[in-house]
Amino acid sequence: MKILIVYYSMYGHVLQLAQAAAEGVNSVDGVETVLRRVEEFVMVNRVIDGNEFASQIREKQRDIPFCSLDDLREADGILFGSPTRYGNMAAQMKQVIDSTAGLWLKGELEGKPAGVFTSTASTHGGQETTLLTMMAPLLHLGMIIVGVPYSVPGMLHTEGRGGTPYGASTVAGARGELIPTGEDLEIARAQGRRVAEIAKKLRG
Ligand SMILES: Cc1cc2nc3c(=O)[nH]c(=O)nc-3n(C[C@H](O)[C@H](O)[C@H](O)COP(=O)(O)O)c2cc1C
């Protein structure tokens with residue numbers, strides 16, 4: 001069985017959550033991760049060319065293939081990871097979702113479990129709004145939304161960091177200077193594991 005993790009990340013935080021989610025998926029017997037990134041916009045690539053930190057992160061992801069419609073079609077479950085952009089998913093990720101009309105017409109994603117995860121610069125910068133709005137198109141596609149239950153360690157907390165019932169998350173800092181905490185990564189692992197386990201149960 002295959003769980004697709006498709007993500008977009010400019011400064012590496014969502015990438016780290018994606019890698020943790022992959023560990024969670026791979027911890028389930030008979031399930032493997034297919035890790036895919038979202039292709040960057042040409043215009044944004046030009047800006048990244050002039051930014052040393054973003055160029056390094058782009059280079060780090062060089063060997064991760066771009067997500068294709070076949071990747072989405074062939075997956076038994078999918079996790080979508082996007083940084084927040086004004087409280088919503090990044091346009092790069094939305095473009096992938098908006099390319100699924102052919103799959104929607106045939107109901108090819110219907111019944112598949114889906115999880116979402118995100119990163120914001122600030123504590124109240126829109127983790128929940130991003131995650132909730134990412135779910136809307138997935139519901140149109142007939143996917144079964146998988147969140148993170150409060151029985152997962154680290155979910156009940158009051159510090160300014162990630163970890164929501166809507167999906168894993170982290171706080172990147174205004175200049176991307178923070179790294180995901182151990183608990184943020186553990187919650188991403190738990191979400192990956194949960195999507196994989198549910199996909200397995202749904203397949204019977
Ligand atoms: C156009 C734009 C809009 C953004 N909007 C928000 C926002 O609404 N709230 C917030 O906390 N961070 C916002 N950010 C910061 C990003 O969410 C942050 O850089 C990201 O979480 C880092 O993830 P990454 O390292 O995976 O790229 C924005 C960044 C850009 C470029």
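Me: Before we get to Lys2, what makes two strands count as a pair?
Reply: Two strands pair if DSSP finds at least two bridges between them. This is a predicted model, and in it strand E1 (residues 2–7) and strand E2 (residues 32–37) are joined by 6 bridges. Set against a cut-off of at least two, those 6 bridges make E1 and E2 a pair. They run parallel, and Lys2 has Glu32 in E2 as its bridge partner.

Me: How does the chain get from E1 to E2, and what is the hand of that crossover?
Reply: The path goes through H1, making a β-α-β crossover that is right-handed.

Me: Why is H1 called largely enclosed?
Reply: Being buried takes 20 or more other C-beta atoms within 10 Å. Of the 14 residues of H1, 11 are buried, so the helix is largely enclosed by the rest of the structure. Among them are His13, Leu17 and Val25. The cover over the buried residues includes E1, E2, E3, E5, strand E7 (169–171) and helix H8 (182–203).

Me: How do you know what span to expect for H1?
Reply: The expected span is 1.5 Å times one less than the number of residues. For H1, with 14 residues, that gives 20 Å, and the helix reaches 20 Å from its first C-alpha to its last.

Me: And why is Val42 called exposed?
Reply: The cut-off for exposed is 12 or fewer other C-beta atoms within 10 Å. Val42 has 7, so it is exposed. This residue lies in helix H2 (residues 42–49).

Key. Residues are numbered from 1 along each chain as its sequence is written. This is a predicted model: local features need pLDDT of at least 70, side-chain atom pairs count only at pLDDT 80 or more; totals for chains, interfaces and linings use all residues. Helices (H or I, at least four residues) and strands (E, at least two) are DSSP runs, numbered from the N terminus. A crossover is right-handed if, with the strands pointing away from the viewer, the path from the first strand over the helix to the second runs clockwise. Two residues are in contact if their C-beta atoms, placed from the backbone, lie within 7 Å.
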